[in-house]
Amino acid sequence: PHPWTRAMEQRVQIQDEPLELAWPGEDEPIRMLLGCAPIQDARGHLRGCLVTFSDVSALHRINNQLLETLRDLEASKEEIRRQNEDLHRLATRDPMTGCLNRRAFFDGADPLFEKIRDRQGELCCIMSDIDHFKSFNDRYGHTVGDMVIKSVAKCLASELREVDLLCRYGGEEFAILLIGSDIARAAEAAERIRARVESSTVPGDGDISVSFTVSIGVAQLQPADTTDLGFFDRADAALYAAKGGGRNRVMRG
């Protein structure tokens, strides 16, 4: 029943009941709030009903505009957040491998080094370099060389935990910080990486599969290390010892 019919039948007032009226030539209906009050005489007999119409079309349009503005603001905030994430990734990650770049690596390593040294915790560094990398670019081209770098990065990441740091240290050189690992466990992880890389291949020309290896140096943070430079230098020296010892091997520094 219509609101005024209900008001008269139930002897109750009805307030702010929404009503939409189509209007010729208008794209949107007229929106109103309807009020109904039954009219009774002195003896309580029903004599009629007082009906009021309040046009709230303008208010409705304003509310819709506000809602649309809020949705646009939320979308803008999400887009800004996404762009900030993209900018942060561009600033801190190597675009080819997704590993930390060198600056971001040291930004994370310096406070970590101080914290672990002060608490006398364990920290190990793994330095890895692709053996004879220049020959891949010379023989197969830079596309194959890039695939080799990506494949090695994937092998290195396979040994990472969430707390560890992986960096593309140079062109074909990588560094890992293993937190809470002594040199024995770090050397075991390095050997698993070396074996995984050795068993990996990338496609070359035609049906050729290109294999490759890495040399790895491992060093552990020592109480005498007052800066991280000696720590990284020992890992780097162990890496070059691995290369000098025949490559495709792990050496401790």
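Colleague: What is the sign of phi at Gly141, and which helix does this residue follow?

Modeller: In this predicted model, Gly141 comes after helix H4, and its phi is positive, near 100°.

Colleague: Which residues of H4 are called buried, and what makes them so?

Modeller: They are Phe133, Phe136, Asn137 and Tyr140. The term requires under 20% relative accessible area, so these four residues of H4 fall below that limit.

Colleague: How do you know on which side of H4 they lie?

Modeller: The buried residues cover an arc of only 105° around the axis, and therefore they sit on the same side of H4. Lys134, Asp138 and Arg139 are exposed on the other side of H4. The cover over the buried residues includes E4, H5 and strand E8 (209-211).

Colleague: Which residues does Phe136 touch, leaving aside those up to four places away in sequence?

Modeller: Phe136 touches Ile130, Asp131, Gly141, Val148, Val210, Ser211 and Phe212.

Colleague: Why is the set that holds Phe136 called a nonpolar core?

Modeller: The name applies because its members are buried residues of the nonpolar kinds, joined through side-chain atoms within 4.5 Å. This core, the largest, has 30 residues, and those with the most contacts inside it are Ile130, Phe136, Val148, Val152 and Phe174. At least two residues each come from strand E4 (123-130), helix H4 (133-140), helix H5 (142-157), strand E6 (173-179), helix H6 (183-198) and strand E9 (214-220). H5 gives the largest share, seven residues. A second, separate core has 22 residues, among them Ala109, Ile116, Phe232 and Leu239.

Colleague: What makes strands E5 and E10 edge strands?

Modeller: The open sheet has five strands in the order E5-E6-E4-E9-E10, with mixed pairing. Strand E5 (165-168) and strand E10 (250-252) each pair on one side only, as edge strands do. On average, neighbouring strands of this sheet are turned by 15° against each other, direction ignored.

Colleague: How do you know that E9 and E10 are paired?

Modeller: Pairing needs at least two bridges; E9 and E10 have three, in the parallel sense, so they qualify. Within the sheet, Ile216 stands opposite Val250 in E10. H5 packs on this sheet, where H5 touches E4, E5, E6 and E9, and the direction of H5 makes about 10° with that of E6.

Colleague: Why is Arg103 called exposed?

Modeller: Exposed means over 50% relative accessible area. Arg103 has 58% relative accessibility and therefore counts as exposed. Arg103 is found in helix H3 (residues 102-118). From C-alpha to C-alpha, Arg103 and Asp27 are 59 Å apart in space, and they are 76 residues apart in sequence.

Terms used
Residues numbered from 1 in each chain as written. Predicted model: local features only at pLDDT ≥ 70, side-chain atom pairs only at ≥ 80, totals over all residues. Heavy atoms only, no water. Buried < 20%, exposed > 50% of the residue type's maximum accessible area, 1.4 Å probe, protein only. Contact = heavy atoms within 4.5 Å. Axes fitted to C-alpha atoms, helices over the stretch in contact; angles between N-to-C directions. Arc of directions from axis to C-beta.
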